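Please read the following report with the sequence and the model side by side. It moves from strands to helices and then to the contact between chains.

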Amino acid sequence: QQRTISGMVTDAGDGTPLPGATIMEKGSTNGTITDIEGQFQLTLQGTTPVLTVSFVGFETQKIVVGERTNVDVQLSMALDELSEVVVIGYGTQQKKVATGSISKVKAENLEGYKVPSVQSALDGQVSGVIVNETSGQPGSGKSILIRGISTNGDNSPLYIVDGLTVSSIDNINPSDIESIDVLKDAASTAIYGARAANGVIIISTKQGSDEGSITYEGFTSYANPWKQPEMLNANQYVELIREKFANSGQTAQLDNRGFPTSGEGAVNTDWMDEIFDQSTMVNHRLSATMNNSYLSLEYWDQNGVIGGEKSNYKRYAIRINSTKDINDLISIGQNLYLNRTENQNLGTNNAFGTLVADAFAYDPLTPVYDADAEYGFAQSEWVQKEYINPLSRLFLADNDGHADQIQGNAYVKIKPIEGLTISSDLGVDFSWYNYRSFRPDYNYHAAFNNPNNSIAQGYGFGQRLQFENYVNYQKDFGLHSINAVVGTTNISQEFETAGGSTLNIPDAVKFNDQFQYIDAAPTDTIDLAFGSAAVDYRLVSYYGRLIYDYNDKYLFSATLRRDGSSRFGANNRWGVFPSFSLGWVVSDESFFPTSPVSFLKVRGSWGVNGSDRIGDLRYASRIENAFSYTLGMSPALNQGSTLATIPNPNLKWEESVQLDVGVEMKLFDDRLSTEFDYYIKTTRDLLGDERIPGYVGATNFPVSNLGEIQNKGFEASISYRQRIGDLNFRSTLNYTTFKNTTVEIPGTTEFINGWSWPVRNTAITRMTEGEPVGHFVGYKTLGIFQDESDVFGHISSEGDVLQPDAQPGDLIFADVNGDGTINSDDLTNIGSPWPDHILGLNLSADYKGFDINILFSTQIGHDIYRTYERSDVPFSNLQSFWMDRWTESNPSTEYPRLVLNDVNGNQNPSDFYVEDGSFLRLRNLQVGYNLPESILDVLHLKSLRIYFSANNLLTLTGYKGFDPEIGTDGWILNTGIDKGYYPSNKTLGGGIRISM
Amino acid sequence: CKQDLEVEPVNQYLSENFYQTEEQVFASLIAAYDPIGWSMAMGQWISPVMLGEIRSDNANAGGDASNNDQPAWQELDDFRETNTNTILQPIYRKNYIGIFRANLVILEPELESANIDRYQAEARFLRAYYHFELFRHFGPVPVIDRLLTPDEVGLERSSMDELFTLIKDDLKAAIEVLPTTLSENELGRASRGAAQALLGKAYLYWADLDNDDAEKFGLAAQYLQDVVDSRQYQLEDDFANLFAYETENSPEAVLEIQHSNLWPSDWGWFEGIEGNGIIQLCGIRGLCSDYPEYSAGWGFLLPTADLNDHFLSDDDYRRDAAIISLSELEETVTNEGIAGCGVVVDLSENNPSDYTGFWQQKYANYKEYEGNNINGGDPNLTKDGNTYAIRYADVLLMLAEAIHRSGGADAQALEYINLVRERAAGPGDNTGSFRTAQQLMADTGWSLQDVIWYERRAELAGEGDRWYDLVRSGRVSNDLFDAEKASNLKTESIWLPISLEETSVATKLSTYPETELFN
């Protein structure tokens, strides 16, 4: 029995008819579109027909026809979040029916936001994710944490680009990106089981369409440090140094050495001014799409605000993506990305031997240049040790090198029957790098000299191959819908390096770049050569996933993945990682009122992920060759070889178990859209160095499975949009909070020491049971002794004076354990590098051709340990806030007195050095204008946009150091420590984009 | 797929297929020697020389003006250390790493040859050496004569007798095999004389701590006598020359720890440093850069006034080799008319609490080290001056003591002491002009043992034996130290605590040794 159904499709918002909407009968190819009045008519084929009604920009609706012959459909304007498709690994899924916690960032969110790497672009745009700069130096990596700190090891997420697992996404051209999907809960990530415990970031690049177009974009900007630390000027410096020495009774020493009595008439060098300079960035991007192909070219050239050309990142990149249908059955395609990066680096975030450290410590009495001094740079008479004139450090910096990369995949897809797709995909990630550095001879002062100039030169080659074969099956059976995938992945990886160095390039040519090669030196010098290869890494995986839903209302998915990694011994090579998830679209129930909540979904998931991020062959008894000893009258260095680490054949996968509950909701005619997630994530069998008894005699501790970490967190994403006439307004607020706790540490100390403050020679971070990973340790201070009676009033329970050596103006330390003495047993938790609240707010509006986009990001409640002040350098300059130090006439309660002979230990690690790092940043501000079509037509252009874009235009923080956004260098116990940070840049720029 | 996951090591062996050739066994022996030269490990300075001096009445820690430079050393200097002191574990692990590597050489090779026998004898020497060093720091600690697995966390301290039994057995076995003489390119390796001297020294400690056991003193004398009788060693004529820039592996060296400028040592890998770190660390802090002989150092290991005053008035030559004072430095600058040294030593850079006006100069920071890092590396860490672990003068003084305390002929003991005293009086033949031990005893009323203690402190000043001499002979007392240091001295302070890091994993280990262990 055939019957016909008719009806009208209108905009739920204002009731106007929607011409051109598509009406399809579900499970068939039967369909039609609405006419100019929004009317349609369709002859039904099935017995229990279901219609899907869709229209671009509107939410697709499913209609169960039942016995009706006429249905009127009101389509709601789509909120992107739900109508969009999310990439779930080996497939895609409509966000509306997805049961995992997945956030999506689309190309439009990245456009015009001028940052060199994708990671930066994610900051503030996704809930549950923390992005931190690790340095403001061009080309430096960014640290990303998804859902807290999962492990004591590598916390970076798994990166997938067009299906290819890659080790880094630092060099990807952000404008090639179609979308980024951030998979956060275990149900979503489990399909990548192994190594997905820190979350997965899937990048899909642009694939091109049939329609031909070509786009050019040019952008240039100027960068300045967002802030320059304010240092003491010459007068203040002399005053404070003299006071410091006087407080130790050593004024005579200064006079003997001829230290000035005042800064009057001194050159008053501001070293921060000398090292920081405005820098430039230039970016050209050209892209074309035609015949289902996408082609792009990019040039990026960015100088640093310190060191200019010597702190530079350049990238040349080409992408060619294409897909072709051979016939109805077979299609093929490829993604290919070639890039060259040239990166000139200065040492950063280190209180020893970096430009920033030099500029911080160097005194304002020393001039910058001195024609009589070596290479023309004046060197300080006062600040020595490993410090030199910062500009002479810059002069010494010379690293010339580049890296080339081929990254991509080729695939074939076969569709033998409806709903079934067989895919085979071969991916490669090849990279080469070479470097060449020249170090001149110098003798700046006794502790800083290098008698022989030297050249180092080297090469490296890495390759990673990935072979994937999988089968998808997708079919609707009436209201039942099935989406299944099974497949295998093989990954292998190898790495090789070679290089060498030589000494003594002849003076005549040493600064000539043409001669700065290993064999340019005379033959009588000593050359060192090296070559090495890494142990191959292999990963074999089998996986399957079943997604089922009933009427888009009751949702279920299950995943199982089995991984074998060469990083484990035969006993524990394989790991199995399951997950399950459920969802219920409550708003589709008949009992559910239609207003104000238009969509409500609850979902929950549970799953297990793994990690194998340790070195290769760590389970085996490797003989290492690096333990030399000299013998003989004319000494010869003998190379020793031994077992350095006790093997651990029982090494196994680290596992993280995650439970996630989420609610997705849309209100007020879909204008407001919200998503909330709460999760508990527990990582156990942490892979880490096991502290075995020292008497076993291992040089390095064996890697073992130990300890447990837990993260509990809440994430919210709230979007709102409103159209008022021609004015469109959108905003999205992302909120993240999490609580991280070290649950268990093996052994009885209940803590593991982390990063050690070099001059203090004391670990200042720890993993402690019950505390966040990498929390800070030090003495707790109770203020400043204002007078003698304070000193004698600070007593133990037995009445003993706790700090008998203290003077007024010294810090008061707490006797935390109450044992009557202040010693290292009183070291205690004095802060955490992890923020309590992370917020990102994106505001955008457009009116006719004008648009504005504002992105704020903020982190609240994280602490920073300031470790860049060097207690061991008596003449080191100081920040100007030290003018407020305690003196008799200025009884400060904030800063202790300055003293050389620090008998009280004011310079011991304490909470005096720990500060709140909360900040609010205007991450990006963009104002653009798109030419109207009337003019475009005349110019034969598709679009033309000019825009202004600024990063970090505004930073609000109370933090006194270089930058409140410090992050981690990769070692999680080295997070939030300011060692003289290369600060973030404030950039201002403009660009143009033309499409034809 | 199983096969896919079996990866092969690259450019390295697994222990299962190592120890197959003489070269491989020799390389593993070199690795067993390696820790003996560590002046740093795990981020800390761990020189046994510094420990032996700074804990004693001979020296203060020093360092920068904060009095908090290398806090762990400041603690040790003042007996303020607790079991969280950060150098405890590095020094402990250094020696056990050496023991583990020595055990691999002793236990793993299956091939047999004369060379392998010698390598294994050297490994047994090293195993004894590392155990002895551990004992000197921590008292009786677990004896490790086999390969342990990581789960063996229940070991307890061995007794003193167990520890010295292993040392004795190892050294006796080594003496059987080790060569008496070393060829030029073997210098630095263990010889028969080194094993005998170390065994004599070990017996001396054992006897002293075992209620002055005369029989063990007798055994000490026997092995030390063997060293003398071997005629392989002789006293350097000029005492000062022992510590000159180019003096290495002289005939007086019985066991000398080797250092090298050939490896580009830097701060990135502390255990890989091949230079002698204490040369820079214990150099004169704040010394003006135009000073002719020395470069400025970092001012650790400051000799006390008490040590300076220990030298009798006719013992200046030996004192001058060990100690230099501010006035002596200033005198040199004046005499040589060095214009660039207006302020000879910037005292503002020195630790005012520990400053005494003296600096050590047995590990002097010679200007000649500048620029000799010919293969690169941090110039502060490539200074290649060696360290005497046992030199012939020490052997003679130990022999005299062992003879005397075992009830032997004092005349013979005096003869050996006088050899040392004659040389100490200055270069050339001082026979007839130097004050003999007998005269000294007559002048001062000292006993022979008093003379021996005087001689050991004067002869070996700054070389890292003082504290252990005090400990073994039960002479550590409050009277040796200033009021503050004395007030912190506790009975257990004579041993370093085993660190909390260790006892938290190996929970059966006591922090300080129980007295029963010495019975």
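Which residue stands opposite A:Ala716 in strand 41 of chain A? In this model, which is predicted rather than determined by experiment, the residue opposite A:Ala716 is A:Tyr735, which belongs to strand 41 of chain A.

**Chain A: overall form**

The secondary structure of chain A comes to 11 helices and 57 strands. Its C-alpha trace spans about 110 × 70 × 70 Å along the principal axes. Chain A has a radius of gyration of 32 Å, which agrees with the value near 30 Å that a compact globule of 996 residues would have.

**Chain A: paired strands**

The pair that holds A:Ala716 and A:Tyr735 is a hairpin, in which strand 40 of chain A and strand 41 of chain A are separated by 2 residues. In the turn of this hairpin, A:Gly725 has a positive phi of about 60 degrees. Strand 40 of chain A also pairs with strand 37 of chain A in the antiparallel sense, and in that pairing A:Thr682 stands opposite A:Gln710 of strand 40 of chain A. In a regular strand, side chains alternate between the two faces of the sheet.

A further antiparallel pair joins strand 13 of chain A to strand 14 of chain A, with A:Ile160 opposite A:Thr165 of strand 14 of chain A. The three antiparallel pairs described here are set out below with their bridges.

| Strand | Partner strand | Bridges |
|---|---|---|
| Strand 37 (672–684) of chain A | Strand 40 (708–724) of chain A | 13 bridges |
| Strand 40 of chain A | Strand 41 (727–744) of chain A | 17 bridges |
| Strand 13 (158–161) of chain A | Strand 14 of chain A | 3 bridges |

Strands 13 and 14 of chain A also take part in an open sheet of 5 strands, whose order is 10-15-16-13-14 and whose pairing is mixed. The edges of this sheet are strand 10 (102–106) and strand 14 (164–166) of chain A, each of which pairs on one side only. On average, neighbouring strands of the sheet are turned by 25 degrees against each other, direction ignored.

**Chain B: helix packing**

Two packed helices are described by the angle between their axes and the distance between the axes. Helix 7 (residues 192–209) of chain B packs against helix 13 (residues 392–405) of chain B at an angle of about 45 degrees, with the axes 10 Å apart, and the two helices are therefore oblique to each other. Their crossing is left-handed. Among the residues that make this contact are B:Gly200 and B:Leu204 of helix 7 of chain B and B:Met398 and B:Glu401 of helix 13 of chain B; by class, the contact divides into 5 nonpolar, 1 polar and 2 charged residues.

Helix 13 of chain B also crosses helix 16 (residues 448–459) of chain B at roughly 165 degrees, their axes coming within 10 Å, which makes these helices roughly antiparallel. This crossing is left-handed. Here the residues of helix 13 of chain B include B:Leu397 and B:Glu401, while those of helix 16 of chain B include B:Ile452 and B:Arg456. The contact divides into 5 nonpolar, 2 polar and 4 charged residues.

**Where the chains meet**

The contact between the chains takes 89 residues from chain B and 82 residues from chain A. On the side of chain B, the elements that give two or more residues are helix 1 (22–33), helix 3 (71–77), helix 4 (88–107) and helix 19 (500–503), and the largest share, 9 residues, comes from helix 4 of chain B. By class, this side has 39 nonpolar, 32 polar and 18 charged residues.

Terms used
Residues are numbered from 1 along each chain as its sequence is written. Chains are lettered from A and ligands numbered from 1 in the order in which they are written. This is a predicted model: local features need pLDDT of at least 70, side-chain atom pairs count only at pLDDT 80 or more; totals for chains, interfaces and linings use all residues. Two residues are in contact if their C-beta atoms, placed from the backbone, lie within 7 Å. Helices (H or I, at least four residues) and strands (E, at least two) are DSSP runs, numbered from the N terminus. Ala, Val, Leu, Ile, Met, Phe, Trp, Tyr, Cys and Pro count as nonpolar, Asp, Glu, Lys and Arg as charged, and the others, Gly among them, as polar. Two strands pair if DSSP finds at least two bridges between them. Axes are lines fitted to C-alpha atoms, for helices over the stretch in contact, and angles run from 0 to 180 degrees between N-to-C directions. Angles under 35 degrees count as roughly parallel, over 145 as roughly antiparallel, 65 to 115 as roughly perpendicular and the rest as oblique. A crossing is left-handed if the near helix is turned anticlockwise from the far one by less than a right angle, and right-handed if clockwise. The radius of gyration is taken over C-alpha atoms; the globule rule is 2.2 Å times the number of residues to the power 0.38.
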